Structures are given as structure tokens and as C-alpha cells.
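Visitor: I would like a close look at a single part of this structure, please: the largest pocket, and then what surrounds it.

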Amino acid sequence: MTVADLPANVILDDSLAMQPQMTLSSVDEVEIIARVSSSGELRPQAGDLTGTISPVAVQQQVDILDLSIDQIVE
């Protein structure tokens, strides 16, 4: 998504797994990170904006979490 799409609601579930054996439901806790890349690069670069929520319990999680992108990568 782009900055123009923010704020956005995102639903995290097993369908978003990057590898079939590494599903969200296979772990107890996760760290949720959002990043706005100023360079367009996949890896974090100085000047990117980021926000993190950690730890987040996975099992039976029904709460809506607010993640603020409020830090600058140095």
C-alpha cells in the first residue's frame, strides 16, 4: 500500500503467511511492524518511518490494535 492509503485497517490471518508452514496461528506471540519507506527499498533505510507493537498474543486475539508509525530509522 502507499502513504495515500493510510490510515488503513489490515486483518492479519494465516492466509498472509509467507511460507505455508509458518502461519500466524502456529506461534504464540508476534511483533507487528509497519514501515513507510522513503527510498522504496525493502530493507529499512535511514530516514524511513516505522512503528512497532510487541509482543502481541496471537491466540484468540480479537482486539483492534492501533499502530502508530512514529519513529525515524537512523
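**The largest pocket and its surroundings**

Guide: Happily! The largest pocket holds about 1600 Å³ of space. A pocket here is an open set of points on a 1 Å grid over the protein atoms alone, with protein on both sides within 12 Å along at least five of seven lines; a cavity would be a set where a 1.4 Å probe fits but cannot get out, and lining residues have an atom within 4 Å of a point. The volume is the space filled by probe spheres set on the points, which are joined across faces, edges and corners. Lining this pocket are 40 residues, and those closest to its centre are V10, I11, L12, I32 and I33.

Before we go further, a word on the model: it is predicted, so local features need pLDDT of at least 70 and side-chain atom pairs count only at pLDDT 80 or more, while totals for chains, interfaces and linings use all residues. Residues are numbered from 1 along each chain as its sequence is written, and side-chain values use heavy atoms, with hydrogens and water left out.

Now to the lining itself. Sorted by class, it has 27 nonpolar, eight polar and five charged residues. Nonpolar covers Ala, Val, Leu, Ile, Met, Phe, Trp, Tyr, Cys and Pro; charged covers Asp, Glu, Lys and Arg; the others, Gly among them, are polar. Strand 1 (29-36) and strand 2 (49-57) each contribute at least two lining residues, and strand 1 gives the most, with seven. Strands are DSSP runs of E with at least two residues, helices are H or I runs of at least four, and both are numbered from the N terminus. The chain as a whole has zero helices and three strands, in the order β-β-β along the sequence.

Strand 1 also carries one end of the salt bridge, a side-chain nitrogen of Lys or Arg within 4 Å of a carboxyl oxygen of Asp or Glu. The structure holds one of these: the side chains of R35 and D48 meet at 2.8 Å, N to O. This pair links distant parts of the chain, as R35 sits in strand 1 and D48 in the loop between strand 1 and strand 2, 13 residues away. Its two ends differ in exposure, where buried means under 20% relative accessible area, exposed over 50% and partly exposed in between (1.4 Å probe, protein chains only). D48 is buried, at 0%, and R35 is partly exposed, at 29%.

In strand 2 we find G51, which counts as buried because its relative accessibility is 0%. Its C-alpha lies 5.5 Å from that of S68, 17 residues along the chain. Strand 2 also contains P55, and the peptide bond joining S54 and P55 is cis, with omega about -10 degrees. Most peptide bonds are trans. Another cis bond runs from L6 to P7, with omega near -5 degrees; P7 belongs to the segment before strand 1.

L6 brings us to the surface. Together with M1, V3, V10, L12, L16, L49, I69 and I72, L6 forms a nonpolar patch with about 860 Å² of accessible area. Patches take residues with over 30% relative accessible area and no salt bridge, joining nonpolar side chains (Val, Leu, Ile, Met, Phe, Trp, Tyr) within 5 Å and like charges within 9 Å; the areas come from the Shrake-Rupley method with a 1.4 Å probe, and for residues only the protein chains shown count as cover. V10 and L12 belong to this patch, and they are also among the residues closest to the pocket's centre. I72 lies in strand 3 (residues 71-72) and is exposed at 59% relative accessibility.

Two more residues help to place the segment before strand 1. A8 is found there, partly exposed at 34%, and its C-alpha is 23 Å from that of Q45, 37 residues away in sequence. M18 is in that segment too; at 83% relative accessibility, M18 is exposed.
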